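Hi everyone, thanks for making the time. I'd like to walk you through one structure today, going from a few single residues out to the whole chain. Here it is on the screen.

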Amino acid sequence: MANLINLERATVGYGTRTLLDAVSLGVEEGDAIGVVGRNGDGKTTLLKVLTGVGDPDSGRVTHTSGLSVGYLRQADDFPVGATVRGVVAGGRPDHVWAADADTRAVVENLLAEVALDAEVAGLSGGERRRAALAEVLLAGHDVLVLDEPTNHLDVEVIGWLAGHLGSRPARALVVVSHDRWFLDAVCSKTWEVHDGVVDAYDGGYAAYVLARSERMRVAAGTEARRQNLMRKELAWLRRGPPARTSKPKFRIQAANELIANEPPPRDSLVLQRFATARLGKDVFDLHRVCLEVGDPPRTLLDGIDWSIGPGARIGLVGVNGSGKTSVLRLLAGEDSPTAGTVKRGLTLRIGYLSQALGEIDGGQRVIDAVAEHRRIAELAGGREISADTLLKDFGFVGDKLIARIGELSGGERRRLQFLRMLLDEPNVLLLDEPTNDLDIDTLTVIEDYLDGWPGTLIVVTHDRYFLERVSDVTYALTGGGRCDLLPGGIEQYLADRAAADTATSAKPAPERGETAAARDRRLGKEMARIESQLAKLDDRIASLHESMAAAAADHVRAGELNAELGELLARKDGLEEAWLAAAADGV
C-alpha cells in the first residue's frame, strides 16, 4: 500500500509540555485509524500536524502529490454569511443535489431538522457541527480526518455514520473519538497518544484493548490497577451483546486465555441487596404522570405508571429533543409533573449530573474543591475508595491538584464534577450525557466504579457502548407520551425506529379537511417561527457562557448565571419539542 501522509520525527511542544516527541508514523491507502488517549495528551495536535493545519516544531510532514485532505475540526470556521445550502450542496437547488444518492443520504441523516437556506451563523452549536461534518463528507476528499465526529449525534445517526464511513469513497480515514462502539465499527487500526509518543495497534477498539492488556502484562507488573481495568474491559467486549460491535480482529484464543478467570463486570444480586439496605424498597413510584413542556405545550409523558426499585440500572434513549433531560429533572425533583404523582423514597440521596458545567466555583483549587467532601466513599461489600485514589484515577495529579477550576478544560471540569458527586455517596445517580468531553480512560474508570456502586442508576447518553456497559435494562421515549421498556435494548430501539420510518413513509395523504399543501404552509410558518426563537436563545446561551467564564471567581454571580442558564436550556428543550412535533405532523 502507498503511503499518503508521512510524519518523520515530528516534535510539538505546548508551554512546558511535549505533546509529540520525535513521532514517526504514516497513513497508508486503505487505512481506517482510530486515535485514542486522555484529554490533553495531544490527539488534536496530532491531527493538526497530519493535515498541515499546524506545523511541528521539528521534524517533517509530507503528503502525496495532489492529495486532498478533509479535516473536521472541533471548532468550525464557516465564512460570514454562508448558508447551509452553500456549505453542503454548493448552492445547488433541491432537485439537483437530491438526485445524488450520497448527498441525499448525508443531508437526510445529518440535516433533516435544518433549513438549507438558513445562515450557518444562526444555527445552534449542534446544528453547526452537523453541517461541518456534512461538508467534509460530501467534498470528495482523498483522506478524511475527523475530530470527534459523533458529538451532537444520537445513537441512530451514529449507526448510520459508521455504515457510511465503512462504504466511503475516501482512500483513508483518521478519526478521534471517545465513542468505543463507533471506533470498533469503523476502524482497522488504533493509535494511542500518550506521554509524547504514539503507539500503534492492529485492529479496532476491541483489538486495541487486548493488545494493550498483553503489553501491560509483560511490562514488569507495573500499573496493576490499569491492567485490571483493561482485563475487565476485554471481558466485557468478548462476552457482551454480540451485535454491539463488529468482529474484532484479534486472536480469539489469546483473548479467551486472558479472561478465563475474569468474573462478570458486576454481581447484580449483591448490588441489589446492598442497594435495598441503603434505599429500602421504594425509590421512585410514578402514578398516572403527565409531563408537558414548551409553549405551546408538548406532551412528553401521558398517564405513565413506572415503578423504579433499589438497584435498578436503567438506560434511557430517544431522539434528540424527545425529553430525556426533562424526565431526569422530573425524577430529581427540579420539575413537577403536569398531572399525576411522583413518590420518592424517604432515604433517597440523589446525585444529579446535569449537562451544565457551572456548578463549581471557578476560583477554587481542585484539591480544595475535593476537601469539602468526604475523604472516603464506600462501595458494595464494605470496600472503600479514597478521595486521593479517585483524584489519581481521574487524572488529577501534580500541578492539576492546585490548578484553579476556572483554568481547567471542559473535560477536566466534567471529571471533577463527577468525582465530587461520587464522594457525596449518593444512593441514586441520574446521569445526563455523562460521557461528554471525557476520554476513554476516564470512562473506563467511571464504569469500574459503577460496577461496585450499590444504588439506583438512570443514565441518558448517546454513547451506545457506555449505556450497554453500565445499565441492565433500556427504556425509550418513543413519542406520544410513551415510555416503553425495550427487552432487546439498543438493537430493538434501532429496529423499531427503522420500522416506524418505513411505516411513516407509506402513510397516505389526507382525504378530507385541510389539504396537504395548506398543512405544509402552516407547518412551515410554525417551524420558521420556532427556528427564529431558537436562534435568539442560542445567542443568549452563548453570551451567558462567556459571562460565566468571566465570573468564574465570583461564586454568587456564577450561581446566578448558572440558574439563568438552566432556565434557558429548559426553554430551548421545549422549543425543540415543539419543532419536532411540527416536523412529525408534516411527514
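Let's start with a cysteine: Cys-187 has a relative accessibility of 9%, and since the cut-off for buried is under 20%, it counts as buried. Cys-290 is buried too, at 19%. And how many disulfides does the count come to? Zero, by the distance rule used here. Please keep in mind throughout that this is a predicted model.

Cys-290 gives us a nice way into the next spot, as it is one of the residues in contact with Thr-338. Thr-338 sits in the loop that runs between helix H12, residues 324-332, and strand E13, residues 339-344. Leaving out neighbours within four places in sequence, its contacts are Cys-290, Leu-291 and Glu-292. Along the chain, Thr-338 and Leu-291 are 47 residues apart, yet their C-alpha atoms are 5.0 Å apart in space. There is a polar contact here as well: the Thr-338 side chain comes to 2.9 Å from the backbone nitrogen of Glu-292. Is Thr-338 buried or exposed? Neither, quite: with 45% relative accessibility it counts as partly exposed.

Moving along into strand E13, we find Arg-344. At 30% relative accessibility, Arg-344 is also in the partly exposed class. What does its side chain reach? One partner is the backbone oxygen of Leu-331, at 3.0 Å, and the backbone oxygen of Leu-330 lies 2.6 Å from a polar atom of the Arg-344 side chain. Setting aside residues up to four places away in sequence, Arg-344 touches Val-283, Phe-284, Leu-330, Leu-331, Ala-332 and Gly-333. For another distance from this residue, the C-alpha atoms of Arg-344 and Ile-308 are separated by 9.8 Å, with their positions 36 residues apart along the chain.

One more loop residue before we get to a helix. Gln-364 is placed between strand E14 (350-353) and helix H13 (366-371). Gln-364 is buried, with a relative accessible area of 17%. Beyond four places in sequence, Gln-364 touches Ala-369, Glu-372, Ala-403, Arg-404, Ile-405 and Arg-420.

Now for the helix I wanted to show you, H4, which covers residues 101-110. Which of its residues are buried? They are Thr-103, Val-106, Val-107 and Leu-110. Looking down the axis of H4, those buried residues fall within an arc of 95°, so they line one face of the helix. As a reminder, an α-helix has 3.6 residues a turn, so residues three or four places apart point the same way. On the packing side, the buried residues of H4 meet helices H2 (84-89), H3 (94-97), H5 (125-138) and H6 (155-166). The N-terminal end of H4 is capped by Asp-100, with a side-chain oxygen 3.4 Å from the backbone nitrogen of Asp-102.

Let's zoom out. The protein has 587 residues, and 49% of them count as buried. There are 20 helices and 20 strands. Taking contacts between residues at least 6 apart in sequence, 71% join residues at least 24 apart. The accessible surface is about 26200 Å², with 50% of that belonging to carbon and sulfur atoms.

Finally, confidence. The mean pLDDT is 80, and 79% of the residues reach 70 or more. Over residues 508-513 the pLDDT is below 50, and that stretch has two contacts beyond near neighbours in sequence. Residues 242-252 also stay under 50, and there the model has 26 contacts beyond four places in sequence.

That's my tour, and I'm happy to take questions.

Methods
Residues numbered from 1 in each chain as written. Heavy atoms only, no water. Buried < 20%, exposed > 50% of the residue type's maximum accessible area, 1.4 Å probe, protein only. Helix = DSSP H or I, 4+ residues; strand = E, 2+ residues; numbered from the N terminus. Arc of directions from axis to C-beta. Contact = heavy atoms within 4.5 Å. Polar contact = N/O pair within 3.5 Å; in protein donor to acceptor, adjacent residues only side chain to side chain. pLDDT = per-residue confidence, 0-100. Disulfide = S-S within 2.5 Å. Areas by Shrake-Rupley, 256 points an atom, 1.4 Å probe, with all protein chains shown as cover.
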